[in-house]
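Colleague: I am new to this structure and would be grateful for a close look at a single part of it, the empty space enclosed within the protein. Please set that part in the context of the chains and of the ligand site as well.

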Amino acid sequence: MDNEILKITNLKRIFRVGNEDVHALNGVTFSIERGEFVSIMGTSGSGKSTLLNILGCLDRPSAGEYCIDGVAVSTLSKKELSTLRNRKIGFVFQNYNLLARTTAIENVELPLMYNSQVSSKERRERAIEALVAVGLENRLMHMPNQMSGGQQQRVAIARALVNDPVILLADEATGNLDTRTSYEIMSLFQDLHDKGKTIAFVTHEPDIAVFTTRTIKLRDGNIIEDVPVEMQSAALALQNYKEFKI
Amino acid sequence: MNILSLIRIAIRALMRNKKRAGLTMLGIIIGIASVIAMVSLGQSSTLSVREQLSGMGSNMIMIMPARQMRGGVNMGSASAQSLDMRDLNALEQNTRYVANVSPLVNSSAQLVFGSNNHPGSIQGVAPSYLNIRMYKLESGIMFTDEDVKKYNKVCVIGKTVVENLFKNGENPIGQVVRFGSIPMKVIGVLEAKGQNQMGQDQDDVVLVPYTTVQKRFMAINHFNMLFASATSEEESEYAATEITYILRSNHKIAPGAEDDFEIRTQEELLTTMSSVTQLLTVLLAAIASISLIVGGIGIMNIMYVTVTERTKEIGLRMAIGAQNRDIMLQFLSESVILSLIGGLIGIILGLILSYLLSYVLKWPFVVSQTAILVSFLVCAATGIFFGWYPAKKAANMDPIAALRYE
Ligand SMILES: Nc1ncnc2c1ncn2[C@@H]1O[C@H](COP(=O)(O)OP(=O)(O)OP(=O)(O)O)[C@@H](O)[C@H]1O
Ligand SMILES: [Mg+2]
């Protein structure tokens, strides 16, 4: 029980479009333990992003319970939700969402700007630390438009890590990247996982899901499969890819 | 997020669109500059009115017949004949706070000298008139009580009259000028005084013994006005009271009845004039503040554009923990900084403008600290007021929708 990072019970999310109800999530129940690397799969429109938004406290469920790190989310005010996102959650998006014309280091510092307990000195130190952790120690002062897609995604991952969140949430984080760069990013996620990070990773590519430890499959807002995966090494896949394809 | 980083972020964001920020500021710049210039100019003109009025003699007192009502019809003060020789004598002899008294009898005539002529405004006065009105002689002499006694045909003329009659540069002193058909000898020329605040040329004047005007020009026995000067500026009010008392008893006005004359001290005139220019200042400032409002609307417009453009950024900031208040403050500080910088430039520009204008108009240059302070506050208020709704819009965005915005 102690190891449970998050737990959802009979979670529903209903969108009202015109006169019709769209059941994006139709009673989903699962929990994620500390140190898991979960891939959430499913066809387009199956509810993956909707689920992730709720896990990330950006959205509220229409029904059901959600507990993260021992906190029942449904009882929290909007302001408390903001603080919770700031302290406990790291987001990685498909399209990076870096601030344009802002250096890597300042992009990474951003979450800590909204945490008054972190001094500007500590903020800078932690940002550098996070950028080193994603292998960008040589790109601290680069602007997003001076970096490759893979590098930009690394900055985004560093930004998600900088507040030391209890869980990393990634929505199609490799969706915009080529195979090789995807492997690199997955290898980075595996490193983080090795260091003990809990990760929930939305993807619709099965050959990306093999780099995780567990797969939850959605269809039409229901879980149709929730199985452990024999994790393969992304670093190895990358090496093979380099040897045989190029 | 603390204020310092808010300001830094706002300035950064503005610097990214320098041209746009500059153009947006332009409205505020023009607004503030014109407010500052208008207020400064208004104050300069008030000051210059004060200077000119006290140049006329700040302890001067004017006494004129009251407007006469006949069957409810206002006959004007010119029709009244209540001031005469008896009043003059009384004021010359029985007063303590009155230093000088001079009657004024107006007339006009075509002045002719050789082939030149000029329509002259003739003022029949006593020699003390020079002191009362603070006229100075440039050359020649003033006529004397002797001239007054004998209705002598002598005159003292102002610069404008000299220029119009003596076009060949003759020395006017000793020359004989015809007033219509009456020949008059010029015995003095007044120093130039320039225009007064009402735009009247104070040098277009011909001073003549008042008896000469009364007997030779008009055939009347009354005066149009009396001019007096108090012993000092502070004692103007005492002098006015004294004059009132004497004239009332001279005219046998029953207690409770209204005066048949009017007394105006320079101090009153000063107050009236000042209130007129102050009203003008307020009006001008009001007109100028309209451009400030237009500038504010410009800011609002640009802030809406900025908020829409940065929807994705807003979504991201919310996702990583920014509260509505943080987003609100971020955009609010942008609009406030925009208008404050605009205001600062506007203030500098306005001061330069009013300096140049007062230089051209030969008015004293006044820096109004109140106007500067108020402008600055108004700028901050403009930034907050017109930035409020765009910032509110940003703060109320749904983070998911904002992140998805393309
Ligand atoms: N804001 C919304 N309003 C109405 N319907 C929505 C909204 N967001 C999602 N939906 C609906 O909910 C369902 C699930 O959407 P979701 O974005 O979670 O799919 P997904 O699994 O992430 O798909 P993809 O792989 O294409 O990203 C879809 O049918 C979608 O139309
Ligand atoms: Mg999706």
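Modeller: About 50 Å³ of space lies in the largest cavity. The model is a predicted one, and every value given here is computed from it. Rolling a probe the size of a water molecule over the atoms shows where empty space is left. With a threshold of 30 Å³ or more, the count comes to 1 cavity.

The residues that line this space can be taken chain by chain. From chain A, the lining of the largest cavity includes A:Arg85, A:Asn86, A:Ile89, A:Gly90 and A:Phe91. Further along chain A, A:Pro111, A:Arg159, A:Ala160 and A:Asn163 also line the largest cavity. Chain B contributes B:Ala319 and B:Ile320 to that lining. Three elements of chain A give two or more residues to the lining of the largest cavity, namely α2 (78–88), β6 (89–92) and α5 (149–161). Of the elements, β6(A) gives the most, with 3 residues. Sorted by class, the lining of the largest cavity has 6 nonpolar, 3 polar and 2 charged residues.

A second site, the one around ligand 1, also involves both chains. Residues from chains A and B surround ligand 1, so this site is shared between chains. The shell around ligand 1 holds 13 residues, and those that come nearest are A:Ser44, A:Gly45, A:Lys48, A:Ser49 and A:Thr50. By class, the shell around ligand 1 divides into 3 nonpolar, 7 polar and 3 charged residues.

Several backbone atoms of chain A lie at short listed distances from ligand 1. A backbone N or O atom of A:Gly45 is 2.9 Å from an oxygen atom of ligand 1. For A:Gly47, a polar backbone atom is 3.1 Å from an oxygen atom of ligand 1. For A:Ser46, the distance between a polar backbone atom and an oxygen atom of ligand 1 is 3.3 Å. Taken alone, ligand 1 exposes 630 Å², and the protein buries 66% of that. Two elements of chain A, β1 (4–17) and α1 (48–55), give two or more residues to the shell around ligand 1. The largest share of that shell, 3 residues, comes from α1(A).

The two chains that supply these residues may now be described as wholes. Chain A has 8 helices and 10 strands, and its C-alpha atoms fill a box of roughly 50 × 50 × 40 Å along the principal axes. A compact globule of 246 residues would have a radius of gyration near 18 Å, and chain A agrees with this at 18 Å.

Chain B has 13 helices and 12 strands. The radius of gyration of chain B is 33 Å, well over the 22 Å that the globule rule gives for 406 residues, so chain B is more spread out than a compact globule. The C-alpha atoms of chain B fill a box of roughly 105 × 60 × 40 Å, taken along the principal axes.

Note on methods:
Residues are numbered from 1 along each chain as its sequence is written. Chains are lettered from A and ligands numbered from 1 in the order in which they are written. This is a predicted model: local features need pLDDT of at least 70, side-chain atom pairs count only at pLDDT 80 or more; totals for chains, interfaces and linings use all residues. Side-chain values use heavy atoms; hydrogens and water are left out. A residue is near a molecule or strand if one of its heavy atoms lies within 4 Å of it. A polar contact is a pair of N or O atoms within 3.5 Å; within protein, one must be able to donate a hydrogen and the other to accept it, and residues adjacent in sequence count only if both atoms are side-chain atoms. Accessible areas come from the Shrake-Rupley method with a 1.4 Å probe; for residues, only the protein chains shown count as cover. Helices (H or I, at least four residues) and strands (E, at least two) are DSSP runs, numbered from the N terminus. Ala, Val, Leu, Ile, Met, Phe, Trp, Tyr, Cys and Pro count as nonpolar, Asp, Glu, Lys and Arg as charged, and the others, Gly among them, as polar. On a 1 Å grid over the protein atoms alone, a cavity is a set of points where a 1.4 Å probe fits but cannot get out, and a pocket is an open set with protein on both sides within 12 Å along at least five of seven lines; lining residues have an atom within 4 Å of a point. Grid points are joined across faces, edges and corners, and a volume is the space filled by probe spheres set on the points. The radius of gyration is taken over C-alpha atoms; the globule rule is 2.2 Å times the number of residues to the power 0.38.
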